[in-house]
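Here's a quick tour of one protein model, going from its surface to its salt bridges and on to its backbone oddities. Have a look at it first, then read on.

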Amino acid sequence: MAAAAAPPGAGCSPAGGGSVPVLFCFSVFARPSTVPHGAGYELLIQKFLSLYGDQIDIHRKFVVQLFAEEWSQYIDLPKGFVVSERCKVRLVPLQIQMTTLGNLTPSSTVFFCCDMQERFRPAIKYFGDIISVGQRLLQGARLLGIPVIVTEQYPKGLGSTVQEIDLTGAKLVLPKTKFSMVLPEVEAALAEIPGVRSVVLFGVETHVCIQQTALELIGRGLEVHIVADATSSRSMMDRMFALERLARTGIIVTTSEAILLQLVADKEHPKFKEIQNLIKCCLVLQNLRNVRNVSSWRQGGELS
């Protein structure tokens with residue numbers, strides 16, 4: 001069988017028998033192997049995965065290119081190409097910068113609740129506020145049928161998720177020691193959710209577990225929305241610089257109200273009234289906390 005649509009002088013030389021030698025190049029590596037005579041695009045991809053599986057991020061998009069002697073450089077694999085002669089191919093990750101639109105729909109979204117644990121209560125700034133907002137987000141997730149994944153950092157030493165956070169219906173509640181939430185069990189859970197595209201992420205600490213989780217998720221091709229009013233750190237400087245860094249990488253920094261209203265999208269949504277009541281309730285609690293803080297300040301106490 002001839003190499004269909006292959007350009008003249010495409011870096012190939014005749015090879016006999018049932019298999020053809022091919023040099024497979026990826027990143028800085030080059031490994032010789034063989035493929036059956038007449039192998040096409042799918043078999044080439046399978047061979048790349050067998051040779052470089054540990055180094056290939058399967059969540060990224062790639063293009064296969066063929067070395068063309070006529071041009072003395074690689075060209076995109078011609079349409080209908082099949083291997084009939086010895087040649088050299090490479091796998092190239094696409095690195096096209098695309099503007100993140102930030103659209104959210106319940107059917108393609110999952111919520112990540114990160115390490116909202118009891119031992120963090122006295123150390124994390126505005127912990128009471130982020131508990132209230134986190135609980136509102138989880139209530140919204142239940143109303144809209146959005147899967148929730150929860151982690152707890154070393155719960156043996158740091159305690160379980162605070163009692164105010166209701167984890168009823170969570171898809172996964174997982175202990176961890178790694179700072180990032182992206183564990184094998186979490187990746188397996190994500191693989192079970194059809195069409196997942198966006199992760200709404202909140203919890204503590206912004207500059208450690210939240211930041212590392214977000215960076216791993218976008219590296220896997222997922223869109224990440226960090227809920228600014230539901231994430232905090234011990235230091236406000238750490239929190240500020242982490243959010244700035246993450247925003248520069250294309251991660252969306254937003255608020256809980258914006259998230260919930262974007263997910264319902266329309267006043268006529270059957271769950272709009274319930275979501276609206278969640279938002280109002282949380283605003284009342286925040287206002288009460290602000291009044292208490294002002295009263296404490298006037299009496300010479302510390303702000304909570």
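Which residues form a nonpolar patch on the surface? In this predicted model, the patch is made up of Met237, Met240 and Phe241, and together they have about 320 Å² of accessible area. Phe241 sits in helix 6, which covers residues 236-248. Phe241 counts as partly exposed, because its relative accessibility is 46% and the exposed class needs over 50%.

Now for the inside. The structure has 1 cavity of 30 Å³ or more, and the volume of the largest cavity is about 40 Å³. Its lining consists of Leu138, Arg142, Val148, Asp166, Leu167, Thr168, Gly169 and Ala170. By type, that lining splits into 4 nonpolar, 2 polar and 2 charged residues.

On to the salt bridges. Searching the whole structure turns up 11 of them. Here are three pairs, with their N to O distances:

| Acidic residue | Basic residue | N to O distance |
|---|---|---|
| Asp115 | Lys176 | 3.0 Å |
| Asp229 | Arg136 | 3.8 Å |
| Glu192 | Lys171 | 3.2 Å |

Take the salt bridge between Asp115 and Lys176. Asp115 is in the loop between strand 7 (109-114) and helix 2 (127-144), while Lys176 belongs to strand 9 (residues 172-176), so this pair ties together parts that are 61 residues apart in sequence. Both Asp115 and Lys176 are buried.

The side chains of Arg136 and Asp229 also meet in a salt bridge. This pair links distant parts of the chain, with Arg136 in helix 2 and Asp229 in strand 11 (residues 223-232), 93 residues apart. How buried or exposed are the two partners? Arg136 is buried because its relative accessible area is 4%, under the 20% limit. Asp229 has 24% relative accessibility, so it counts as partly exposed.

Then there's the salt bridge between Glu192 and Lys171. It links distant parts of the chain, 21 residues apart: Glu192 is in the loop between helix 4 (184-191) and strand 10 (198-204), and Lys171 is in the loop between helix 3 (155-158) and strand 9. Glu192 counts as exposed at 57% relative accessibility, whereas Lys171, at 35%, counts as partly exposed.

Beyond those pairs, Lys178, Glu187, Glu216 and Arg220 are linked in a network of salt bridges.

Finally, the backbone. Most residues other than glycine have a negative phi, and most peptide bonds are trans. Where is a peptide bond cis? Look at the bond from Val204 to Glu205, where omega is near -15°. Glu205 is in the loop between strand 10 and helix 5 (206-219).

Two serines have a positive phi, and here they are in turn. For Ser27, phi is near 55°. Ser27 is found in the loop between strand 2 (19-26) and strand 3 (29-36), and it is exposed, with a relative accessible area of 61%. The C-alpha atom of Ser27 is separated by 8.4 Å from that of Arg90, although the two residues are 63 apart along the chain. Arg90 lies in strand 6 (residues 85-93) and counts as partly exposed at 31% relative accessibility.

For Ser72, phi is near 60°. Ser72 is placed in the loop between strand 4 (62-68) and strand 5 (73-76). Ser72 has a relative accessible area of 57%, so it is exposed.

Note on methods: Residues numbered from 1 in each chain as written. Predicted model: local features only at pLDDT ≥ 70, side-chain atom pairs only at ≥ 80, totals over all residues. Heavy atoms only, no water. 1 Å grid on protein atoms, 1.4 Å probe; cavity = no way out; pocket = protein on both sides within 12 Å on 5 of 7 lines; lining within 4 Å. Points joined across faces, edges and corners; volume = space filled by probe spheres on them. Nonpolar A, V, L, I, M, F, W, Y, C, P; charged D, E, K, R; others polar. Patch = residues over 30% accessible without salt bridge, like charges linked within 9 Å, V, L, I, M, F, W, Y side chains within 5 Å. Areas by Shrake-Rupley, 256 points an atom, 1.4 Å probe, with all protein chains shown as cover. Salt bridge = Lys/Arg side-chain N within 4 Å of Asp/Glu carboxyl O. Helix = DSSP H or I, 4+ residues; strand = E, 2+ residues; numbered from the N terminus. Buried < 20%, exposed > 50% of the residue type's maximum accessible area, 1.4 Å probe, protein only.
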